[in-house]
Amino acid sequence: MNEHEKGQVAATAAHIYEQFFVPALFAEWPAQVLGAAGVRPGEAVLDVACGTGILARTAVHVVGSQGSVVGLDINEGMLAVARQQAPAITWEIGPAEDLPFAANSFDRVVSQFGLMFFTDPVKAIAEMGRVVRPGGAIAVAVWGPLADTPGYAVVTEVLNELFGPEVAQSIEAPYCLGDTNRLASLFADAGMGEISLRTVTGTARFASVEDWIYTDIKGWTLADVIDEAGYDRLRQYAPQKLSRFVQADGSVAFAAPAHIVTVTAVA
């Protein structure tokens, strides 16, 4: 896997990711994922591929003082920002394919927009199943197809036109599990039993096209790929291409569907 397929941002990009990407793309999803997992007060929750921690931070408010939340990620830069945002949460570094926890450690295991980047997604799903307690649940969210996410379909075209297909792949990579048949097969291969899979359409929102471009480049894997000259070219070229998504107040909005897979652990 290349760096785009791994989705590993640089440490400097992690702060921009938290400041811009989280409110634009991720903040509306924790309620959906935690609800799908059935998280309740007093439970122990693991957030796999926690990034800067928006899902784990939301889970804390659900489980309350009698519960516990652990966030795990392989990216130390992301975890550094997560610790700054919520120092009281337990943040662990490690791969999703080899979770550093004993079997049956958690009531609920959740993961929001990380499965697409795992080196071995089948093994990662099996690991989630190993650490969840009987009667508990796993809930995993991935982005739907790129074709159904019109804003990023156009961004991909723009990056390809300006910089070529390898750079455009940075935007294509998060949508690699948009095919529900492929997604379901990963859970079957991991030995999961019956799954629930539903598609929910969210909305991506940016304050402006300028903010959108800044976030996509400076807060993602392209931060160290596109230099300042390239960034200036993009700022000049992209606004016209992206104008169809601009609202009356100058903000940006477009559909951003996601698939949520839920598995109940056998009691």
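Reader: What is the order of the strands in the open sheet, and what pairing does the sheet have?

Author: The seven strands of the open sheet follow the order β3-β2-β1-β4-β5-β7-β6, and the pairing is mixed. The model is predicted: local features need pLDDT of at least 70, side-chain atom pairs count only at pLDDT 80 or more, and totals for chains, interfaces and linings use all residues. Residues are numbered from 1 along each chain as its sequence is written, and side-chain values use heavy atoms, with hydrogens and water left out. Strands are DSSP runs of E of at least two residues, helices are runs of H or I of at least four, and both are numbered from the N terminus.

Reader: Why do β3 and β6 stand at the edges?

Author: β3 (90–93) and β6 (195–206) each have a single partner strand, so one side of each is left without a neighbour in the sheet. Neighbouring strands of the sheet are turned by 20° against each other on average, direction ignored. Axes for such angles are lines fitted to C-alpha atoms, for helices over the stretch in contact, and angles run from 0 to 180 degrees between N-to-C directions.

Reader: How do you know that β2 and β3 pair?

Author: Two strands pair if DSSP finds at least two bridges between them. β2 (residues 68–73) and β3 have four bridges, in the parallel sense, and therefore satisfy that rule. One bridge sets Leu-72 against Glu-92 in β3. On β1, Ala-44 stands opposite Ser-68 in β2, and β1 and β2 pair in the parallel sense over five bridges.

Reader: What makes the pairing of β7 with β5 and with β6 antiparallel rather than parallel?

Author: Strands of a sheet pair through backbone hydrogen bonds, either parallel or antiparallel. β5 (residues 132–143) and β7 pair in the antiparallel sense over seven bridges, with Val-263 of β7 as the bridge partner of Ile-138. β6 and β7 also run antiparallel and are joined by twelve bridges; in β7, Val-261 is the bridge partner of Leu-197.

Reader: Why is β7 called mostly covered?

Author: Eleven of the 13 residues of β7 (residues 252–264) are buried. Buried means under 20% relative accessible area, exposed means over 50%, and partly exposed lies in between (1.4 Å probe, protein chains only). β2 is likewise mostly covered, with five of its six residues buried. Across the chain, buried residues make up 55% of the 267 residues.

Reader: Where does helix α4 lie, and which of its residues are buried?

Author: α4 (residues 54–63) lies across β1 (44–48), β2, β3 and β4 (106–112), running at about 170° to β2. Contact means heavy atoms within 4.5 Å. The buried residues of α4 include Ile-54, Leu-55, Ala-59 and Val-63. The helix is followed by Gly-64, whose phi is positive, near 70°.

Reader: Why is Phe-113 buried, and why is Asn-104 partly exposed?

Author: Phe-113 has 7% relative accessibility and counts as buried, whereas Asn-104 has 40% and counts as partly exposed. Phe-113 is placed in the loop between β4 and α6 (121–131), and Asn-104 in the loop between β3 and β4. Most residues other than glycine have a negative phi. Phi of Asn-104 is nevertheless positive, near 60°, and phi of Phe-113 is also near 60°.

Reader: Why is the aromatic pair of Phe-206 and Trp-212 called stacked?

Author: A search of the whole structure finds 18 aromatic pairs. In one of them, Phe-206 and Trp-212 are 5.7 Å apart centre to centre, with 15° between the planes. Rings of Phe, Tyr and Trp (its six-membered ring) pair if their centres lie within 6.5 Å; planes under 30 degrees apart count as stacked, over 60 as edge-to-face and the rest as tilted. The pair therefore meets the distance limit and counts as stacked. Both residues are buried, and they belong to a cluster linked by ring pairs that also includes Phe-113, Trp-143 and Phe-254.

Reader: How do you know that the charged end of Lys-218 sits over the ring of Tyr-231?

Author: A charge sits over a ring if NZ of Lys or CZ of Arg is within 6 Å of the ring centre and within 35 degrees of the ring normal. The charged end of Lys-218 is 4.6 Å from the centre of the Tyr-231 ring and is assigned as sitting over it.

Reader: How do you know that the radius of gyration of the chain agrees with that of a compact globule?

Author: The radius of gyration is taken over C-alpha atoms, and the globule rule is 2.2 Å times the number of residues to the power 0.38. For 267 residues a compact globule would have a value near 18 Å, and the chain has 18 Å, which agrees. The C-alpha atoms fill a box of roughly 55 × 40 × 35 Å along the principal axes.
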